[in-house]
Structures are given as structure tokens and as C-alpha cells.
Amino acid sequence: MSDTLLKAVESDLARRRYGLRFSPIVEARFESDTSELRSRHLYLAGIVALVIYDLYLINDYAFRPESLQMAAWIRFGMMTPFGITALYFVRRGLSPAMREAVMTSTIVVGMLLSNLIFFLSKSTYSFLDTFSFGLILVMGNIVFTLRFFHAVASSLISGIIMTLFVYHYAPMEAEIKLYAFVVFISSAVFTLLANYRMEVSERQSYLLLLREQLRNSAALKDNQALAKISITDPLTGVANRRHFDAVLEHRWQEALTENTMLGMLVIDIDRFKNYNDHYGHLQGDACLRQVALEMQNYVRQEVDLVVRYGGEEFVVLLPNTSAASALHAAERIRRGIEALAIPQAGSGVITVSIGAAALRPHVTLAPAMLLTLADAALYQAKREGRNRSVLAPLRDDPLTV
């Protein structure tokens, strides 16, 4: 998904003539990422616009006192409830198309009602309203920054509304009407150009930012994958010896600080050389993978560490584990691997021998002591006939290596 999105972003950035819509997958991401902020912006801008619209009642009082009641009813009884309702739904969350359509409707309704106030008033200076209609376009195209196509639509509809009302307004001379139209059209052109540039800039900036985010995410995943490869045995998928050395040191220090026991199992597949010689190396690799996978079924997934130590030998590190728990874990693993019933030429099934050890770390000890104890227990298990678990003598007192 991320690779597909990154390719789409690169493709959108490579367009010679930049458009106002991205490819579908990028457009969906753009709306998802910006929708909440966009809704909040429109909500706050809408409140400001509504307050300013209602404050124009002061203008009504100054120029048409005889029509003040009518103007107040239109502003507070019609536009205000409509605007509040629209802003309520925008704040609650709408689809991108509905959100823009609702905010576009507030511009159109605002233009309609402003023209209605102007048209119903026959005051001497009422015609001056026509020169302020361009401010409604400023609000929609610049302050709201309606999406460009919605801005064009609202500007065209507003222009038609103004034309109908002004054309039929008898007290206004033709020359003044023409001048009002020129001012309005100029306002529409200038604000639409600004709107277009702002949307292009917003989208371009978003694409560049998204590309960097996706590249960083891809690089992080690559680094994580490389890090995992560096600490993982490629054949069995469990930890490798390099990772074991680092974790053993960490767990040792942790147990030393917390004064807890640290356990370890050293596991060796019995007569694995005979198995390899009889079935071949490919089958031998498959056997190693089965054994490693089975071991992971009997350990604490978020705590214990299963390691391929070398060849057919595995190690399991058991933090905060008593000697009895270590032996119990060893027996679970041994019985689980025997239950796999992997055929062993001339000797039944594949089995393992396990040496278990647990001790309480001390400043006088080295982490290698734990491995030495478990390894000695493994050799004892081998000497006693294989397919068994042997616990090293408990070392819970300070020793020197």
C-alpha cells in the first residue's frame, strides 16, 4: 500500500501542468489527512463571517433606518439560523464534497439575502450596497478558501443573483449599475486567481510533505528489516549467536540489578549427523526449522529468547527463572520435539538432549558462567543416554570464574 501510494505521489508531482485533483489514491489520503483541520478552519471562519454579516446592521441603521426592522429580520431571522445550522453540520463532520457544498451554500444564501435587503430598500444610498457585494466573494474565495471549483460555482451563482436584483432596481442609474458590475467582476476574477494559487500551493506542499513521510517510513521499514536480518538465523528464523551475546549481557545486568535468577537451556539434536548423512542436507535443514519452530511453542514469547547457537545446537535464555522452572521448560521442549515424530534412520524419531542451568548473577561472575553450567549439564545428558534433560547444580552463591 505504501509503495503504491508513494508511486502515485511521485506521479502527481511529475505532472508538467499541475491540476487541482490528485490521483484517486492520493486524493483519498489528502482528504483523510486534512479533513479535520479543514472542517475546523471552515467552522471558525464561518463564525467570523456570520458575526461580520450581522454587524452590517449598523450600515442598515445609517443608510436605511426606515427599513431597519426588515434588515434585522433577514440578518438575524434568516441568515443567522441558516449559517449556524450549516456550521453545526460542518463541525460534526461531513464528507468532503458535502462539506464544501454546505459552505458554498452559505455564500450563495448570503449573497441572495444581501441583495434582498438592498432591493427591498428604496433609501437614497441603498445602491451603495452593490459595491460591498464583492466582500462576500472575498469571504468565500479567500477566507473560507473554498475548493476552486466550488469557488467558481459560488462566484457565478452570486453574479447571476446580483445581476437579477441590480438590473431590476429602478432607483439605480444605468451608469452606476455598470460600474457596480465591473467592480463585482473584478473582485470575482482577483479572488478566484488568489483562491486557485492558494489551493495549488496547499496541494503542492501536501504532496512534498507526504512524499517525505512515505520515504522516511519506507527507509525505517528497510532499516528494521535489515536489523532483523542481522540478528536472525536465516535458516530457522530464530535469533542468531550475535543477538544472543548482546541479549545475554543485557539480561545479566538486568538480573544483577533486580537480584533475580537467570536461566538457560542448551539443546542439541541427538545424532543429527547421522540424520543429515541419511536424508541429505535439504531434509536436514527442514528438520532444523521444525525443531526451532517447536521450541518457540514452549517458551514465553515476549520474554524468553530462542537462539540457534551453531549447527544443530540451540540455546534458550530464560530471564527471571528458577532452576525448577528451567528444568520444567526443558522437559516441555524435549517432549514436544519427540512428539513431532520426525523419522530418524535406525533409531526411531528425532530427539534432543538438554542441559539446564539457573543462577543468580553476581559482580564476581561473568555471563559465560551460565552457558558453561548449562553446557556441562548437556554433556551429562548425552553421557546418560540422550533424549533427556539434566539440571546443573544450583549456583545461588557468589563464585569466581
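A salt bridge is taken here as a side-chain nitrogen of Lys or Arg within 4 Å of a carboxyl oxygen of Asp or Glu. In this predicted model, D277 and K273 satisfy that criterion, their closest N and O atoms being 3.1 Å apart. Both residues belong to helix α10 (residues 272–279), and because they are four residues apart there, about one helical turn separates them. An α-helix has 3.6 residues a turn, so residues three or four places apart point the same way. D277 is exposed, as is K273.

The structure holds 25 salt bridges, and another of them joins E202 to R147, with the closest N and O atoms again given as 3.1 Å apart. Since E202 lies in helix α8 whereas R147 sits in the loop between α6 and α7 (148–167), this pair ties together parts that are 55 residues apart in sequence. The two partners are covered to differing degrees, for E202 is partly exposed, with a relative accessible area of 34%, while R147 counts as buried at 9%. A further bridge links the side chains of D304 and R300 at 2.7 Å, N to O; here D304 is buried at a relative accessible area of 10%, and R300, at 35%, counts as partly exposed. Salt bridges also link E10, R211, E212 and R215 in a network.

Turning to helix α1 (residues 2–14), its 13 residues should span 18 Å at 1.5 Å a residue, which agrees with the 18 Å between its end C-alpha atoms. The buried residues of α1 are L5, L6, A8, V9, D12 and L13, and because they cover an arc of only 160° around the axis, they lie on the same side of the helix. D3, K7 and A14, on the other side of α1, are exposed.

On the surface, V48, I52, Y56, L135, V138 and V143 make a nonpolar patch of about 440 Å², to which α2 (24–55) and α6 (133–143) each give two or more residues. The largest share, three residues, comes from α6. V138 lies in that helix and, at 31% relative accessibility, counts as partly exposed.

Two further sites complete the tour. N240 is placed in the loop between α8 (174–231) and α9 (241–258), where it is buried with a relative accessible area of 15%, and its side chain reaches the backbone nitrogen of H243 at 2.9 Å. R289, in helix α11 (residues 281–295), is partly exposed at 38% relative accessibility; although R289 and L235 are 54 residues apart in sequence, their C-alpha atoms are 6.9 Å apart in space.

Key
Residues numbered from 1 in each chain as written. Predicted model: local features only at pLDDT ≥ 70, side-chain atom pairs only at ≥ 80, totals over all residues. Heavy atoms only, no water. Expected span 1.5 Å × (residues − 1). Buried < 20%, exposed > 50% of the residue type's maximum accessible area, 1.4 Å probe, protein only. Arc of directions from axis to C-beta. Patch = residues over 30% accessible without salt bridge, like charges linked within 9 Å, V, L, I, M, F, W, Y side chains within 5 Å. Areas by Shrake-Rupley, 256 points an atom, 1.4 Å probe, with all protein chains shown as cover. Polar contact = N/O pair within 3.5 Å; in protein donor to acceptor, adjacent residues only side chain to side chain.
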